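Got your viewer open? Load the model below and keep the selection box handy; we'll go stop by stop.

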Amino acid sequence: QGGAREPVVRFWTVEGRDSVLSGFTLRNGFPDFHSPFFGSGGGISIFASSPTVTRNGITGNAACDGAGIGMERSAARIEGNRIVKNVQKGCSGGGGGGISLLYDGESEIVGNLIAENWTAGFGGGIRALWTKRILISNNTILRNYGDRGGGLNIQGVDLALIDGNVIAGNRAYDTGGVLVLWTAALVNNTIAGNEASVHYPISGVYVRGPVEPYDFPVMINNIIVGVPGQTALACEYTQTVWSSFNTNDV
């Protein structure tokens, strides 16, 4: 129990992958304005550290960024956790209702349930911003809400591999499923039944093209199912050219 005064767990002293948090329920964390840890990470706050976080329940937490788990400059492995019903609180411009990954990280998000998290900012399930590399693989990402990107919001990531996930039933004002600015590789995902507002009615995936020298997006072997009356897949800017767009069912 965090007592709504600070993160429940902090990794702030350069921990590595051999530092393992496993088997706990973490709830009621909130780094409030009077805490030195205000900002990122309600359930777990990770800064310049790279622990292994596995088989935990992370629920009922709040933060500006990363209400469930907030990571900055981290290469953590987040695997097999239940990250459920966390909410953004304390600011108007953050994001990552479930997980937030910020700045120069190389984290791995594998095999988690990320469900029913909420943010008024970016990425109801997961937000990634200005990181080097991320792996988002084999997660179930359900019924989250984010203002931009109900399931995922990926911006300015050098190499993002989004592989084998189920992303369904998420909602947003802008882009219900996956919102990508610049580039990502989406492979083997099922993205279905997500919903956006009538103002930005993109249900499944929205990709806004990168500019050189960044790689262009890759989309292979995905199933993308839009809701009636909304676009399943949208691509902005005429210079956006798929480096690979193969064997998808849209």
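Which residue of strand 27 does Val178 stand opposite? Select Val178 and look across: the residue facing it in strand 27 is Val205. Bear in mind throughout that this is a predicted model.

Now widen the selection to strand 24, residues 178-181. Strand 27 covers residues 202-208, and the two strands run parallel, paired over four bridges. Next, add strand 20, residues 152-155. Strand 20 is also parallel to strand 24, and four bridges join them. To see one of these pairings, pick Asn153, whose bridge partner in strand 24 is Leu179.

Stay on strand 24 and show its side chains. Is this strand covered on one face or both? Both: Val178 and Val180 are buried on one side, and Leu179 and Leu181 are buried on the other.

Next stop, the cysteines. Select Cys64 and Cys91, which form a disulfide with their sulfur atoms 1.9 Å apart. A search of the whole structure finds one disulfide, so you can stop hunting after this. The torsion about the S-S bond is about 90°, so the disulfide is right-handed. Colour the loops here: Cys64 lies between strand 7 (62-63) and strand 8 (69-72), while Cys91 lies between strand 11 (87-88) and strand 12 (99-102), so the pair ties together parts that are 27 residues apart in sequence.

Switch on a surface for the last look. Cys64 counts as buried at 11% relative accessibility, whereas Cys91, at 28%, counts as partly exposed. Finish on Cys235, which is partly exposed with a relative accessible area of 40%.

Definitions and conventions. Residues are numbered from 1 along each chain as its sequence is written. This is a predicted model: local features need pLDDT of at least 70, side-chain atom pairs count only at pLDDT 80 or more; totals for chains, interfaces and linings use all residues. Side-chain values use heavy atoms; hydrogens and water are left out. A disulfide is a pair of cysteine sulfur atoms within 2.5 Å. Buried means under 20% relative accessible area, exposed over 50%, partly exposed in between (1.4 Å probe, protein chains only). Two strands pair if DSSP finds at least two bridges between them.
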